[in-house]
Amino acid sequence: MPHDPQHDHDRDGAPISRRGFLRTACMVGGGACLAGLGIDKLLTAAQAASPDAGKVAMYWKPLGDGRVKCLLCPRGCITSQGKRGECGARENRGGAYYSLVHGWVSAANVDHVEKKPFFHYLPGSLAFSIATAGCNMHCRDCQNWELSQSRPERVERMPATPADVAILASQQKCGTIAYTYNEPNVFYEYVYECAVAGHKRGVRSVIVSNGYINHDPISRLLPYLDAVKVDLKGFDDGFYRRYTGGTLRPVLDTLLTVRKSGKWLEVVYLVVPTVNDNPRSIDAMCAWVRDNLGRDVPLHFSRFHPDYQLRNLPPTPYSTLEDCWQRARKAGLHYVYLGNVPGSEGEHTYCPGCGKVVIQRTGFTVTANHLKNGRCGYCNKAIPGVWR
Ligand code: SF4
């Protein structure tokens, strides 16, 4: 997906204050990158070289010998003093575990929610999208690898308290904060506090996640989330281990947890040619989604473009995406979409009752919306989603 964050450059290269960050960002109209945000060059060399004091993490336990075990994601990293977990965003300091990315924003944009993608969540609305650095997976096809595979001190970043983020979202006329670009699980405490701060101001929160998180932390966060998008990277554990460094089962468990919570869920499958486009695997995945999440959960097949460690592969052929779309519809899924193919018929929402297009899109833009109070404007069938 075209999720590359746009970085803007501070003209004189000087660090700006938090007030400056707010003032500068708020001068810019919604719907665009926060031009002038000055994401880069905001830190002095000393700041960039050594992360701030960090914040004590919410999910870990001491092992009694100075080492700690992280309980946030299924990796369960065990670290000795001074060492970091696999995501690079958490560190053992003196026998306690710290998040190194709490309160630091490395990318911020105003995006349409369709870019996340959410197609059944406040269509045409804006999301204040923020990222930090690090990831608990190492996908070979990562399309945001500059952020996700970096250490916090190696990317430009600026300080912003959770209250700042909520204020900015609100001032940018964004009804939603989206935690995206890099994996929100690795800045869990920041997501949690921003989501709480947002809710106090009437700003909702959504996460764009790989779903690789333990049951307790996701369950604790869900009450403050309004929608969740999970990337299902493949449907084979061997594939997950080889291409992501993670495993499949915990991702499926997260999908089940989110679905059971009643929070709005959408699933994305990035189709990588010769890697995860096996028709049998696509069929098995669609059947699993239907039987476990239900026919109404939107499933997006996204087009891969060559990036990171898979630059040798071609973009996904349209015929492959079309085949995936047909297979998912044949499996009985009601809302199947194609992503990264602007102008495709697979971008629209079709009413399962009458077959008419109820929401028409081109790329991230909603070009027509025939929903009335969450129902098809033609046949009155209820279309599931968060519509207001
Ligand atoms: S969140 Fe990071 S430190 Fe914690 S278990 Fe996962 S990869 Fe390891």
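User: Leaving aside its neighbours within four places in sequence, with which residues is Val-101 in contact?

Analyst: In this predicted model, Val-101 is in contact with Ala-89, Thr-132, Ala-133, Pro-152, Val-186, Phe-187 and Tyr-190. One of these partners, Val-186, is 85 residues apart from Val-101 along the chain, and the C-alpha atoms of the two are separated by 8.2 Å.

User: Where is Val-101 found, and does it count as buried or exposed?

Analyst: Val-101 is found in the loop between strand S6 (96-99) and strand S7 (104-105). A residue is called buried under 20% relative accessible area. Val-101 has 2% relative accessibility and therefore counts as buried.

User: How should I read a nonpolar core, and which residues touch the most other members in the largest one?

Analyst: In soluble globular proteins, nonpolar side chains tend to be buried together. Here the largest nonpolar core has 86 residues, and Leu-232 and Phe-301 touch the most other members. Not counting residues up to four places away in sequence, Leu-232 touches Tyr-240, Leu-248, Val-251, Leu-252, Leu-255, Val-267, Val-268, Tyr-269, Leu-270 and Met-285. Another core, of 11 residues, lies apart from the largest one; among its members are Tyr-121, Leu-122, Ala-178 and Val-208.

User: In what order do the strands of the open sheet stand?

Analyst: The order is S2-S3-S4, with antiparallel pairing among these 3 strands. Strand S2 (60-62) and strand S4 (78-79) stand at the edges; each has a single partner strand, so one side of each is left without a neighbour in the sheet.

User: How many bridges join strand S3 to S4, and which residue in S4 does Lys-69 stand opposite?

Analyst: Strand S3 (residues 68-70) is joined to S4 by 2 bridges, and the two run antiparallel. Lys-69 stands opposite Ile-78 in S4.

User: How many cavities of 30 Å³ or more does the structure hold, and which residues are closest to the centre of the second largest?

Analyst: There are 3 cavities of 30 Å³ or more. The second largest holds about 110 Å³ of space. It is lined by 13 residues, of which Cys-70, Cys-73, Cys-87, Arg-90 and Asn-136 are the closest to its centre.

User: Over which residues does pLDDT stay under 50?

Analyst: The score expresses the predictor's confidence in each residue. The protein chain averages a pLDDT of 88, and 86% of the residues score at least 70. Over residues 1-51, however, pLDDT stays under 50; for this stretch the model has 122 contacts beyond four places in sequence.

Conventions
Residues are numbered from 1 along each chain as its sequence is written. This is a predicted model: local features need pLDDT of at least 70, side-chain atom pairs count only at pLDDT 80 or more; totals for chains, interfaces and linings use all residues. Side-chain values use heavy atoms; hydrogens and water are left out. Two strands pair if DSSP finds at least two bridges between them. Helices (H or I, at least four residues) and strands (E, at least two) are DSSP runs, numbered from the N terminus. A nonpolar core is a set of buried Ala, Val, Leu, Ile, Met, Phe, Trp, Tyr and Cys residues joined through side-chain atoms within 4.5 Å. Buried means under 20% relative accessible area, exposed over 50%, partly exposed in between (1.4 Å probe, protein chains only). Contact means heavy atoms within 4.5 Å. pLDDT is the predictor's confidence in each residue, from 0 to 100. On a 1 Å grid over the protein atoms alone, a cavity is a set of points where a 1.4 Å probe fits but cannot get out, and a pocket is an open set with protein on both sides within 12 Å along at least five of seven lines; lining residues have an atom within 4 Å of a point. Grid points are joined across faces, edges and corners, and a volume is the space filled by probe spheres set on the points.
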